[in-house]
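Reader: I have a chain open on my screen and would like to talk it through with you. Could we go through it piece by piece?

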Amino acid sequence: MQTRPTIVCLCGSTRFSEAFREANIQLTLKGKIVLSIGCDTKADGELFDSLSPTEQEAPKTALDDLHKRKIDLAHRVLVLD
């Protein structure tokens, strides 16, 4: 019987986007399932440019909640800094 791969969730500030990318590649090559940020609200800011600062809060809160559910799914959490 084949065992399932370990699930790792990457956490940390999105200002370390290069660290997220590198960790994702390295862990994936080691056979891990990697959960990471889905949207960087700083680097992907154009997605929110049409929204007022008040309107931007709802999607940011939803993205934070979604990332917390990824943490719930993970066997391990890797904090990047």
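Reader: Let me start in the middle of things: which strands do the buried residues of α1 pack against?

Author: They pack against β1, β2 and β3, and I should say at once that we are looking at a predicted model. The buried residues in α1 include Phe20, Ala23 and Leu27.

Reader: Why do those end up on the same side of α1?

Author: Phe20, Ala23 and Leu27 cover an arc of only 70° around the axis, and that puts them on the same side of α1. As background, an α-helix has 3.6 residues a turn, so residues three or four places apart point the same way.

Reader: And what does Ala23 touch, if I leave aside its close neighbours in sequence?

Author: Beyond the neighbours within four places in sequence, Ala23 is in contact with Leu10, Leu78 and Leu80.

Reader: Which residues make up the largest nonpolar core, then?

Author: That core has seven residues, namely Val8, Leu10, Phe20, Ala23, Leu27, Val34 and Leu80. Both β1, residues 7-12, and α1, residues 17-29, supply at least two residues each, and α1 gives the most, with three. Another core, of five residues, lies apart from this one, and Cys9, Cys11, Leu35 and Ala74 are among its members.

Reader: Let me step back for a moment: in what order do the elements run from the N terminus?

Author: The order is β-α-β-α-β, and the secondary structure comes to two helices and three strands. Of the 81 residues in the chain, 26% are buried, and the C-alpha atoms fill a box of roughly 50 × 25 × 20 Å along the principal axes.

Reader: How many bridges join β1 to β3, and do they run parallel or antiparallel?

Author: Five bridges join β1 to β3, residues 76-80, and the two strands run parallel. Within that pairing, Leu10 has Leu78 as its bridge partner in β3. On β2, residues 33-35, three bridges link to β1, again with the strands parallel, and there Val8 stands opposite Val34. The path from β1 through α1 to β2 is a β-α-β crossover, and this crossover is right-handed.

Reader: Is β1 mostly covered or mostly open?

Author: Mostly covered, as five of the six residues of β1 are buried.

Reader: Changing topic to α2: what span should it have, and what do its end C-alpha atoms give?

Author: At 1.5 Å a residue, the 21 residues of α2 should span 30 Å, and the end C-alpha atoms are 31 Å apart, which agrees. For α1, with 13 residues, the expected span is 18 Å and the end C-alpha atoms are 18 Å apart, so that helix agrees as well.

Reader: Which residues of α2 are buried?

Author: The buried ones are Gln56, His67 and Lys70. Around the axis of α2, they cover an arc of only 45°, which puts them on the same side of the helix. The buried residues of α2 pack against β1 and β2, whereas the face turned away from the buried side carries the exposed residues Thr54, Ala58 and Asp72.

Reader: And Asp64, where does that one lie?

Author: Asp64 lies in helix α2 and is partly exposed, with a relative accessible area of 47%. The C-alpha atoms of Asp64 and Ile37 are separated by 9.2 Å, although the two are 27 residues apart along the chain.

Reader: What about the loop between β2 and α2, say Ser36: is it buried or exposed?

Author: Ser36, which has its place in that loop, has a relative accessible area of 12%, and since buried means under 20%, Ser36 counts as buried. Not counting residues up to four places away in sequence, Ser36 touches Leu10, Phe20, Asn24, His67 and Lys70.

Reader: Is Ser50 buried or exposed, by contrast?

Author: Ser50 is found in the loop between β2 and α2, and Ser50 is exposed, with a relative accessible area of 69%. From C-alpha to C-alpha, Ser50 and Thr3 are 46 Å apart in space, with their positions 47 residues apart in sequence counted as separation.

Note on methods. Residues numbered from 1 in each chain as written. Predicted model: local features only at pLDDT ≥ 70, side-chain atom pairs only at ≥ 80, totals over all residues. Heavy atoms only, no water. Core = buried A, V, L, I, M, F, W, Y, C linked by side-chain atoms within 4.5 Å. Buried < 20%, exposed > 50% of the residue type's maximum accessible area, 1.4 Å probe, protein only. Helix = DSSP H or I, 4+ residues; strand = E, 2+ residues; numbered from the N terminus. Contact = heavy atoms within 4.5 Å. Pairing = 2+ DSSP bridges. Right-handed = clockwise from strand over helix to strand, strands pointing away. Expected span 1.5 Å × (residues − 1). Arc of directions from axis to C-beta.
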